[in-house]
Amino acid sequence: MEKLIFTMLLAAGSAFAGLAYPSGLAGAWEFDNTNDLLHAETGVDLELIGTQQVVPGPLPEDGAIEICPESYFDCTHNMAPNGGSSDWVNDYTILMDVRIPSLAVWHALFQVSQSPTANDADIFIRNGGKVGVGAIGYSDWTAHPDIWYRVVVSMSLGTSETNHADIYVDGNRILTGTKQSLDGRFALYPAARGGNILLFADNNGEDNAIDVARVAIFNRSLSAEEIAELGSVQTLGEADISTEVPRVQFLDSHSAAVKWESAAATDAIVEYGTTKSLGKRATIPTVATEHGVVLSKLQWRTKYWYRIGCSDGGSEVFSPIYWFDNAINFSPMDASGAVSPWVSDSLTTNYSESAQHILEATGIDKGYVLVYGIGDGRLLFELARQSHLTVIGVDDNAATVASVRQKLLDCGLYGTRVKVRHEADLTALPYTKDFFNLVVCGRAISDGTLAGLAAEALRIVRPQGGHIFMGANSGISSSTIQDWFSNGGMSVVASNDPNGIWGDYERGALDYVGWWTHEYGSPANNACAGDGMSGATATTDLQLQWLGRPGSDSGIDRNPRMPSPVSANGRLYHQGYNRVMAMDSYNGAMLWSLEIPALRRVNIPRDTSNMCADDEGVYLAIKNECWKLDGRNGDLLRRYAIPESGQEWGALFRYKDLLIGSVVPERAHYLEFMGPAYWYDNKDGSLADKVCSKSLFALDADTGDPAWGYTNGVIIETTLCMGSNRVYFLESRNADNVALGGGRYGPELWTNLYLVALDSDTGSVLWDQPVSPVPGIAVVSMMYAPADDKVVLSTSKTDYNLYVYDASNGSTDWQVTGQAWFSDNHSGHLQRPVVIGDKVFLIPKLFQLSDGTVLNSNMGNLRSGCPTYAASTHALIYRGTDRKMAIQDLSTGVLTEWDYLRPSCWLNFSAAGGMFLMPEGGGGCSCNGWINTSLGFSGKE
């Protein structure tokens, strides 16, 4: 079989059955024998102190174990003294094939002491991924979680020129360590004195869980050439991104589908379980390129580990191990098998077929449906049975409500999928405006009448595609339907066809609505999407529209500054921890969610988002591809490939008929998020380095065909913005920077800078201008202002600096430098401007965009905590005093606040769709007084 998906990458100089070890091997342990995991291939069996568990190795045939925290191996090497000493082993090499699960904690590799409580470990993979120890130093190279590495430590202790303390990873030297003394700290006990070393041990809790597939010890210091020959760990490489990054979609509370695409037709295998040992298996023998394996009988609120694979000749090959969490499963209860408690009669078929027609004609399957006048209740039952909708019924007949409620309790749907309320007055319902996806009527079937008022139905139905759909398979007249709609001011012509008699009114979009389609609102990057937020300029102008999912468990702790939610066409897309969720903007209903390994990005103030949206759905940049997902159901609509192999997708913009992206080196994006080191509040240093791309490209959004490409300097990702048929950015043309080909850059970035504008249709350079702003050591951002055709650049080093350029030619219009930071912590030094129409805000001043006139010197400066700013067309939105969400009127400067609302530490709130939207982003905060829930606010009625 042609194997294009899973390709075995053999390490140089080795074959799987056994690594071709150089001379001097004192011991080797490969963990392949599950009946005797401590077995030595060469030397003495290991002794386990503590616990271990079997985990899949780098290859299917390659065994591995997880050494649990506070556990270690006592390893006997029995080497004689060497290196010019009669008492200690001074020349030796230790090889380990290891994988760490997290960068948030320390992982001990070995300890030369004979007692684990005596001293620190002697070599670590420390939090953050650097390898080494204080005495010899730490590598600049950084490990990543869930990747197998071959780590080799070569020691020759003493004072001669050939002595060394070096560390290699995958055959490459990553640390030339500080030389150590003969018989010093790193010397090993010889055979006469126990001849042992402790593997993965530490004296103070820095021995967190680590996976190991091989250990070998040599009685001499191997040369760099010999270590290079040992190569890297034999693993499974993937020639297709979708095999490397599958996606998991929950089908109901206890089942999920693992989906992926392959370049060649294969069968499909998923191995899974509640530990890394896996243990369960699901297969599809049919050969195909699109795969969807259903995992059934999953435990709720349980994390599962899994890997995907396929057959290859007489063997099987697998991906790395991934995980998904069934605790973050928002699927509604499956009601398709519910048994009707109603006696079958002449109307049974009418109810079933009417429900089917309602769902098919409107295309609405998720969200909330109101049955306005429930009749005998059977329409509620059928809508729940045939869809994923939450069904709510109201009726003014108390006896009918009680009877229907009991029947729904009897069949197990009440309180899970269906709710019924008695309302004495159906002309004034107790629901917020703009809420329901669908409004129907049960009485239309039971007695040929329609309940309530059409005007009230119009008030509560959701804009942007909500339907009022009235009628029945039979038994109602066209005039009844048309008169009912007409009384509510809607002109509807009732259909009369084999499906029955129906009237359908689809509500359009609200006036003056903007959608937050990109990280900072739109491709212009100005943190204002042009939405009026229903005219609200104060918190008192808004009312709570909905609250609920997702809660704080779905996301990463708020500190690492994840991408913002985006929204379009009435849908809100929100990222969590390696997952994305789609919600209804107007009622918060969870439409779908996908668990996607490697989705995350953090430290967004120094990078760009991996997500944007349009009317059809959401786009996600994942490794070297972009996925377009259907906004209705999460189905994969298209995959776009990056134009360069071995690189990753950087920036992501949907502009006109194009999908515009950038190319960055692999692992340039910030991924680490656990622990104080990854708060990303730095003023300078490596965690303030900017992600930069080596080139830009554009693809036809419909076909994926290349439209244009651009390569010249190193492009600062956070300065990319678009507008007026142009792409704008800041790039460094310093030869040394360009030679590095993108990645993360620090202070060296701020030389030979150019402000550039490209034609968005062709990629040709319209103009470029040399610029010399104050270096953005802490943060840099740029945006396009359409009102006056300006480009706005902001940098932050020791204070804020604002530069405004003419977008037609790049000439400087005006600038303000030396504007004091709000503070030098908690993002007081990381703030970016907000462009609102013909004004630009940069804390604490509001400027006239045309000439820099200061309109207000006291805007937004009562902030607290870490978030940044957003705006509607009338107001500035941010976290105000005492960590309260605040709205400040742009015209008057009046500030109003909400208590107990906790945003994320960057941006998880927006003005979009006529609403204020804030999906939960504050999880993990140690500050008190917040609500860990998602919220939507609308204008007061």
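How many salt bridges does the count come to in this structure? The count comes to 37 salt bridges. Please keep in mind throughout that this is a predicted model.

Let me take the salt bridges in turn. The side chains of D97 and R214 meet at 3.2 Å, N to O. D97 belongs to strand β7, residues 91-99, while R214 belongs to strand β16, residues 210-218; the pair thus links distant parts of the chain, 117 residues apart. Both D97 and R214 are buried. This pair also has a wider setting: E30, D97, R150 and R214 are joined into one network by salt bridges that share partners.

A second example is the salt bridge between D584 and R462, with an N to O distance of 2.8 Å. D584 lies in strand β34, residues 579-584, and R462 in the loop between α7 (454-460) and β28 (467-472), so this contact ties together parts that are 122 residues apart in sequence. D584 is buried, with a relative accessible area of 2%, and R462 is buried as well, at 6%.

The third example is formed by E731 and R733, whose side chains meet at 2.6 Å, N to O. E731 has a relative accessible area of 0% and is therefore buried.

I turn now to the aromatic residues. The structure holds 36 aromatic pairs. In one of them, W484 and F485 are arranged edge-to-face, with 5.1 Å from centre to centre and 90 degrees between the planes. W484 and F485 are both buried. Another edge-to-face pair consists of W649 and F697, at 4.9 Å centre to centre and 80 degrees between the planes. W649 lies in strand β40, residues 647-655, and F697 in strand β42, residues 690-700, so the pair ties together parts 48 residues apart in sequence. W649 is buried, with a relative accessible area of 0%, and F697 is buried with 4%. Beyond such pairs, F250, Y272, Y304, Y306, Y322 and F324 form one aromatic cluster.

Charges and rings also meet. The charged end of K303 sits over the ring of W323, 4.4 Å from its centre. Likewise, the charged end of R832 is placed over the ring of Y520, 3.6 Å from the ring centre.

Finally, a word on one helix. Why is helix α4, residues 378-386, described as largely enclosed by the rest of the structure? Seven of its nine residues are buried, and the description follows because of that. The buried residues of α4 are R378, L379, L380, F381, E382, L383 and A384.

Notes. Residues numbered from 1 in each chain as written. Predicted model: local features only at pLDDT ≥ 70, side-chain atom pairs only at ≥ 80, totals over all residues. Heavy atoms only, no water. Buried < 20%, exposed > 50% of the residue type's maximum accessible area, 1.4 Å probe, protein only. Helix = DSSP H or I, 4+ residues; strand = E, 2+ residues; numbered from the N terminus. Salt bridge = Lys/Arg side-chain N within 4 Å of Asp/Glu carboxyl O. Phe/Tyr/Trp six-rings, centres within 6.5 Å; stacked < 30°, edge-to-face > 60°. Lys NZ or Arg CZ within 6 Å of the ring centre and 35° of its normal.
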